[in-house]
Amino acid sequence: MTLFDLANAQSMRVPTSCQRLGTCHECIVEVRSGADALCPPTEAESFLKGGYRLACQARLITEGAAVDFAPLSRRPKILTGSAETGVYRHGGVYGVAIDLGTTTVVLDVVNMESGEVVYQASFGNPQRFGGSDVMHRISYDGGPFRGELHKAAIAAVNRVLKDACRTLGMDRHEIQEMMVAGNSTMRDLFFGLDVQSIGQRPYKSLTEHEWREGKRPTTALSAPAHTLGLWMNPKGLVTSPPLIASHVGADTVADLVAIGIESRDDVVMLVDVGTNTEVVIGRAGRYVAASCPAGPAFEGGHVRYGMPGVDGAIESLRLNGEAWIHRTIGGVEPEGICGSGLIDLLAELRRHDRMTPKGVFPGRAREIAIVPERGITFSREDGSNLAQAKAANYAGQFIAMRHFGVRPSGISRLYLAGGFANYVDVRNAIEIGFLAPVPEQRIVKAGNAAVEGARRLLCSRALRARAEELVKSVEHIELETTPDFFDVFVEGCQFKPMPQ
């Protein structure tokens with residue numbers, strides 16, 4: 001019996017397009033426990049390390065053993081946006097807008113004449129076997145299995161496009177254009193480009209190097225759909241917005257388009273929270289941008305009972321006396337805690353003096369119980385990993401505001417964008433220093449701004465031209481080269497508010 005057989009028995013959907021021969025590499029699962037009960041990895045699985053296996057290749061060698069596993073394509077709770085929705089009609093011109101995040105992917109099929117969305121989907125980025133952050137994926141793609149991450153992204157998008165065509169009764173030839181927004185690494189991997197230069201100083205993509213050398217007019221990308229093997233009109237065009245600089249990529253440009261930043265005369269700040277958090281602050285004509293390598297701690301990584309925002313994840317926590325009151329996604333039994341729940345947890349521990357700003361528990365305990373009946377705990381090591389992830393967000397916001405010359409009180413709007421950001425309790429995020437202490441009434445949850453911006457760019461060539469001009473007015477700062485970066489980072493590791 002293979003893990004594929006077990007998945008079928010549990011009604012767990014695992015993708016495949018090779019009839020389980022081990023050649024499509026789409027049925028990757030993460031084995032969380034019970035790996036000893038499986039056969040050694042086969043040759044077909046040689047590109048996988050750690051706890052990842054191909055469901056069609058991993059066979060049980062211990063009868064009756066319990067193996068806990070989950071497909072990488074598990075559907076997370078992702079805000080897909082508030083776009084105007086319409087009905088698919090034959091004879092229209094359709095396109096696809098994608099927010100290709102490090103952890104999650106959101107895809108909209110759009111009527112390009114009306115701008116209406118006729119199909120929406122979201123799924124976990126299946127490239128996770130190559131690492132949970134961009135630097136690990138760059139390293140993976142530079143090894144003997146270069147191209148596997150590109151292949152995984154294309155296969156995942158194609159599965160969704162095929163499902164959209166089946167659901168809508170659409171012919172793939174009607175999909176004539178695709179707009180892909182993603183950070184520099186995710187975008188370039190999707191287009192099949194070499195990403196090694198992004199992982200080495202000065203951390204710039206090949207397109208940015210070529211643009212700076214005058215070899216290309218823009219950092220935007222375009223390629224015929226057939227060259228990427230996408231399930232759409234083979235003569236269609238796949239495009240991407242330009243980059244800002246370094247790790248601040250096309251998704252940030254899409255964010256800025258979505259919030260209409262170029263039309264604002266007041267000082268506004270964008271914080272797009274993710275594995276890589278981007279911060280942009282400014283007013284019409286002058287902007288400052290920075291990228292914060294926050295890592296995956298708030299998205300299910302490096303925390304023992306951390307998990308993505310899927311069914312079973314605790315998304316809200318409150319301390320009532322000695323008991324923790326929780327709410328899970330899907331209203332099912334808790335399996336772990338996702339990002340919004342972790343922010344609540346940290347804020348509640350501080351609010352009730354159950355943890356010092358440096359993450360020390362009373363009596364120097366190493367671990368505290370959160371849901372004892374389910375074995376879910378929170379340890380000092382978990383807190384340390386979250387502190388470092390939070391510190392990256394803290395440093396990015398603090399240094400960008402200082403560089404621009406404004407305090408939190410001087411920001412008229414803070415747009416909070418990204419995967420789980422829409423579900424975050426803003427007050428709690430401010431109290432632990434995850435967000436700048438901008439007055440709460442000025443904070444706007446922008447939802448999935450990247451996919452909204454991608455939709456707008458997909459439908460308007462004039463807007464694409466304006467985006468090209470917009471990026472020229474953005475000054476990029478490298479946080480690590482700031483003289484006191486380490487001091488700011490260390491201060492940001494404490495669970496307390498950022499200075500006003």
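Guide: Two strands are said to pair if DSSP finds at least two bridges between them. The model shown above is a predicted one.

Visitor: What is the strand order of the open sheet of 6 strands?
Guide: In general, strands of a sheet pair through backbone hydrogen bonds, either parallel or antiparallel. The pairing in the sheet of 6 strands is mixed, and the sheet is open, with the order β6-β5-β4-β7-β9-β8.

Visitor: Which are the edge strands of that sheet, and by how many degrees are its neighbouring strands turned on average?
Guide: An edge strand pairs on one side only, which is the case for β6 (117–124) and for β8 (221–224). With direction ignored, neighbouring strands of the sheet are turned against each other by an average of 15°.

Visitor: In which sense do β4 and β7 pair, and over how many bridges?
Guide: Within this pair, Val96 stands opposite Met178 in β7. Strand β7 covers residues 175–182, and its pairing with β4 is in the parallel sense, over 7 bridges.

Visitor: Which strands of the sheet does α7 touch, and which does α11 touch?
Guide: Helix α7 packs on the sheet with its direction at about 100° to that of β7, and the strands it touches are β4, β7 and β9 (237–240). Helix α11 also packs on the sheet, its direction making about 150° with that of β4, and the strands touched by α11 are β4, β5 (104–111), β6 and β7.

Visitor: Is the pairing of β9 with β7, and that of β9 with β8, parallel or antiparallel?
Guide: Towards β7, strand β9 has Leu237 opposite Glu177, and the 3 bridges between these two strands are in the parallel sense. Towards β8, strand β9 has Val238 opposite Ala223. Over the 4 bridges that β8 and β9 share, the sense is antiparallel.

Visitor: At what angle do the axes of α11 and α12 cross?
Guide: Arg456, Leu457, Leu458 and Cys459 of α11 meet Arg461, Leu463, Arg464 and Ala467 of α12. Sorted by class, this contact comprises 5 nonpolar and 3 charged residues, with no polar ones. The axes of α11 (residues 449–459) and α12 (residues 461–471) come within 5 Å, and they cross at roughly 120°.

Visitor: How many cavities of 30 Å³ or more are there, and how much space lies in the largest?
Guide: Rolling a probe the size of a water molecule over the atoms shows where empty space is left. Counted at 30 Å³ or more, there are 4 cavities. The space in the largest of these cavities is about 270 Å³.

Visitor: Which elements each supply at least two residues of the lining of the largest cavity?
Guide: The lining has 24 residues, and Gly101, Thr102, Asp272, Val273 and Gly274 are those nearest the centre of the cavity. By class, 12 of the lining residues are polar, 6 are nonpolar and 6 are charged. Those elements that supply at least two residues each are β4 (94–100), α7 (250–259), β10 (268–273), β18 (413–418) and α11.

Visitor: Which element gives the most to the lining of the second largest pocket?
Guide: About 420 Å³ of space lies in this pocket, and 25 residues line it, of which Met135, Asn276, Pro293, Ala294 and Gly295 are closest to its centre. Two or more lining residues come from each of α2 (134–141) and α9 (380–404). The lining of the pocket divides into 12 nonpolar, 10 polar and 3 charged residues. With 4 residues, the element that gives the most is α9.

Visitor: Why is one side of some strands left without a neighbour in the open sheet of 3 strands, and which strands are these?
Guide: This sheet has mixed pairing and the order β14-β13-β15. Each of the two strands at the edges has a single partner, so one side is left without a neighbour in the sheet, and these strands are β14 (323–328) and β15 (336–337).

Visitor: What angle does the direction of α8 make with that of β13?
Guide: Strand β13 (residues 313–320) is joined to β15 by 2 bridges, and the two strands run parallel, with Ala313 opposite Gly336 in β15. Helix α8 (residues 339–351) packs on this sheet and touches β13, β14 and β15, and its direction makes with that of β13 an angle of about 15°.

Visitor: What is the radius of gyration of the chain?
Guide: The chain comes to 13 helices and 20 strands, and its C-alpha trace spans about 65 × 65 × 45 Å along the principal axes. A compact globule of 500 residues would have a radius of gyration near 23 Å, so the chain agrees with that expectation, its own value being 22 Å.

How values were computed. Residues are numbered from 1 along each chain as its sequence is written. This is a predicted model: local features need pLDDT of at least 70, side-chain atom pairs count only at pLDDT 80 or more; totals for chains, interfaces and linings use all residues. Side-chain values use heavy atoms; hydrogens and water are left out. Axes are lines fitted to C-alpha atoms, for helices over the stretch in contact, and angles run from 0 to 180 degrees between N-to-C directions. Contact means heavy atoms within 4.5 Å. Ala, Val, Leu, Ile, Met, Phe, Trp, Tyr, Cys and Pro count as nonpolar, Asp, Glu, Lys and Arg as charged, and the others, Gly among them, as polar. On a 1 Å grid over the protein atoms alone, a cavity is a set of points where a 1.4 Å probe fits but cannot get out, and a pocket is an open set with protein on both sides within 12 Å along at least five of seven lines; lining residues have an atom within 4 Å of a point. Grid points are joined across faces, edges and corners, and a volume is the space filled by probe spheres set on the points. The radius of gyration is taken over C-alpha atoms; the globule rule is 2.2 Å times the number of residues to the power 0.38.
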